[in-house]
Amino acid sequence: MELVFSVEWQKIARELHDGLLEHLRSAGVKKLVLSSGVYDRELAEHGFTDKLLERVHNCGMEFAAAHGLWSADNDLNWPDEKGRLCMVECQKEFISLAAAAGCRTYTLHPGVAYMRYDRSLLWEKVRRSVDSLLAEAEKHNIVLALENNVTMNLGIDCAELAEFIRSFDSPFLGACFDSGHAHAVSNVLDSFDALMPHVVTAHLHDNDGTGDQHLMPYEGNLPWKKLLKKLSAAPRLIHVESEPSGMHLPDRIVKALDIYTKLI
């Protein structure tokens, strides 16, 4: 399996990027995650993304996976139609940027399961958004990956998410299996089995089974050996991504490099 390493670039001062990239390169990292925070920082600091891409390229690395824009008003099921259409346009812009950076997958959250809205209406919003984004994904040869999520979100039921993805029958739509989300709300191995035919990428992090803690592998109690064996057999898998918290802190980055390179 190919590991794509996650760093919270938007939280790190520009003058520290070169040193960090050199450290990552010397540790054997070749592929990086393009986080949604990069898009946010670009809006506030024009030219941030181009300079980051240049630095990454100069160090012999590349971005390979992107996390799409997220939070309530960036999720695919945003109830307000005018707001949803605006979200779709912003996602398209970031898809184009991610593809130009070399990303092969683009992960998206279906959205919050708002109590005041019928669940079928919320899934219909997701369907409309995916319909709009698939053409953009195909144009840029990048696969959209819908992520399983935790309580109070669509995607908590991996079987339901799998059926939704299956209904499109598109090579440009798959699943992102989030190990921590699944472990926090269900049996992680059963959840993976439900999504396995569609998994194109995975977010790998741990917890103790009580919440979405974004710990590093073996800091919680997820059955990593069994999960990795299943992951390696997923027919559409492109790569896997590290996703613990604190990936702007030097000590956490050093620890993650050690843990994840041994894990994969």
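**View 1. The start of helix H8, where Asn187 meets the backbone of Leu189.** In this predicted model, a side-chain oxygen of Asn187 comes to within 3.0 Å of the backbone nitrogen of Leu189, right at the start of H8. If you would like to find the helix, H8 covers residues 188-195.

**View 2. The buried residues of helix H8 and what covers them.** Which residues of H8 are buried? They are Val188, Leu189, Ser191, Phe192 and Leu195. Looking down the axis of H8, you will find these buried residues within an arc of 160°, so they line one face of the helix. Their cover includes three helices, H6 (158-168), H7 (179-185) and H9 (224-232), together with the strands E8 (173-178) and E9 (199-204). Leu189 thus appears in two of these views: its backbone nitrogen takes part in the contact with Asn187, and its place is among the buried residues of H8.

**View 3. Strand E4, covered on both faces.** Take a look at residues 105-108, which make up E4. Thr105 and Thr107 are buried on one side of the strand, while Tyr106 and Leu108 are buried on the other. E4 runs parallel to strand E3 (residues 62-67), and 3 bridges join the two. Thr107 of E4 is the bridge partner of His67. Between E3 and E4 the chain passes through helix H4 (residues 81-100), giving a right-handed β-α-β crossover. E4 also pairs with strand E6 (residues 143-147), again in the parallel sense, over 4 bridges. Here Leu108 has Leu146 of E6 as its bridge partner.

**View 4. The open sheet of 8 strands and its edges.** Follow the strands across in the order E1-E10-E9-E8-E6-E4-E3-E2, with parallel pairing. Which strands stand at the edges? They are E1 (3-4) and E2 (31-34), each with a single partner strand, so one side of each has no neighbour in the sheet. Elsewhere in the sheet, E9 pairs with strand E10 (residues 240-242) in the parallel sense over 2 bridges. Leu204 stands opposite Ser242 of E10.

**View 5. The protein chain as the setting for the close-ups, with 10 helices and 10 strands.** The C-alpha atoms fill a box of roughly 50 × 40 × 30 Å along the principal axes. For 264 residues, a compact globule would have a radius of gyration near 18 Å, and the 17 Å of this chain agrees with that. Of the 264 residues, 55% count as buried. Among contacts with a separation of 6 or more, 80% come from residues 24 or more positions apart.

Note on methods. Residues are numbered from 1 along each chain as its sequence is written. This is a predicted model: local features need pLDDT of at least 70, side-chain atom pairs count only at pLDDT 80 or more; totals for chains, interfaces and linings use all residues. Side-chain values use heavy atoms; hydrogens and water are left out. Buried means under 20% relative accessible area, exposed over 50%, partly exposed in between (1.4 Å probe, protein chains only). The arc is that of the directions from the helix axis to the C-beta atoms. Contact means heavy atoms within 4.5 Å. A polar contact is a pair of N or O atoms within 3.5 Å; within protein, one must be able to donate a hydrogen and the other to accept it, and residues adjacent in sequence count only if both atoms are side-chain atoms. Two strands pair if DSSP finds at least two bridges between them. A crossover is right-handed if, with the strands pointing away from the viewer, the path from the first strand over the helix to the second runs clockwise. The radius of gyration is taken over C-alpha atoms; the globule rule is 2.2 Å times the number of residues to the power 0.38.
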